[in-house]
Amino acid sequence: AALGHRMQTLAWVGIASLCLGATWAVPAKKERKKVEKPKLDLVLYENLDLDNYDVTLDSYGDIMDLNNYEELYDYGDLAPKIEVGTLAPRPKDHRALPELGSTVPTPKLQPPVTTSPIHPAPPGPGTGQGLPSCSRCLCIRTSVYCDDTDLEHIPSLPPDTTYLYARFNRISAIRAGDFMGMKKLKRIDLTSNSISWADVDAFRLLPSLQELILPENRLTALPELPRSIIRLDARLNRIPSAGLRPEAFQDLTQLQFLHLSDNKLDYIPAPLPESLRSLHLQNNNIQTMHEDTFCNSQDQSHIRRALEDIRLDGNPINLSLFPNAYFCLPRLPTGRFL
């Protein structure tokens, strides 16, 4: 009986050992699983916008290409557009189109529809097929584009021309009659030509002219300007102070931007209109100025609020020698004060 009781006790001890072994084995297995596949800390990704990509424990091991989740853009807005002031594309020459084979009939070119932005120029004097500007240049509505077309003079223009771009050509002079009768012309851009001379009346009789752009030419004198002018850009020319009429800008009551940098000016072309906002005279030969150049020395209460941009750097002038010349300005000129 004692032997049977002992055997029963050993059996119970064996069963208990097996149970305990199973109990300890489960955490060990879970621990290995935890090491092999750690739990994802989703807090780190709560501010990451991955659109429809769901970050889960099953997809955590996948390689994510974040380039696929950049902001989407509507490329429809990037379609080619023709804007005033940009270099317009040249029109296609239909005569240069490849001819089709003899087995296929060549399609006839249809005339442009009435809604097309390209309008042919009206017949001009001395021409039977329209004005030269629209046969050699590109006329779009009231803008004429003649950039980089080897022009040697100002072309004849349609009478309703508003904007003329004749940049990067070989124009050497502007005659008095080049713009005669152009009552709607607002902008003339003749950047990077070889203009060394302009008739004194070449621009004076243009009642609507607001912008005259003449940088990178060879001018030694400025012609008379209409009172409608707002912006004059004659940078990078050869204009001395003697090439400006006395009080050339005083009566231009709408002039806001006067840019004459990189010329040969010896002094600031005062008096300047009250409308002026930007005066660029850097890289000239200006050595001195008067107290009344910018301000009225007789009226200490006068404040010239519009003129905030004055560039005099690159000139042999010490601006600190003229402290009474700036009391009416909202900002000091840019230049050397030592």
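Colleague: What makes Arg167 and Asp189 a salt bridge?

Modeller: Their closest N and O atoms are 3.7 Å apart. A salt bridge is a side-chain nitrogen of Lys or Arg within 4 Å of a carboxyl oxygen of Asp or Glu, so the pair qualifies. The pair links distant parts of the chain, 22 residues apart: Arg167 is in the loop between β3 (163-165) and β4 (173-174), while Asp189 belongs to strand β5 (residues 187-189). Strands here are DSSP runs of E, at least two residues, numbered from the N terminus. Both Arg167 and Asp189 are buried, meaning under 20% relative accessible area (1.4 Å probe, protein chains only), with exposed over 50% and partly exposed in between.

Colleague: And what is this model, anyway?

Modeller: It's a predicted one: local features need pLDDT of at least 70, side-chain atom pairs count only at pLDDT 80 or more, and totals for chains, interfaces and linings use all residues. Residues are numbered from 1 along each chain as its sequence is written, and side-chain values use heavy atoms, with hydrogens and water left out.

Colleague: Why is Asp201 called partly exposed?

Modeller: Its relative accessible area is 28%, which lies between the two cut-offs, so the label fits. Arg204, at 33%, is partly exposed too. The side chains of Asp201 and Arg204 meet in a salt bridge, 2.8 Å from N to O.

Colleague: How do you know that Asp313 is partly exposed?

Modeller: Asp313 comes out at 23% relative accessibility, so it falls in the in-between class. Arg311 has 25% and is also partly exposed. Their side chains form a salt bridge at 2.8 Å, N to O. Elsewhere, salt bridges that share partners join Arg187, Glu211, Arg231, Asp233 and Arg235 into one network.

Methods
Helix = DSSP H or I, 4+ residues; strand = E, 2+ residues; numbered from the N terminus.
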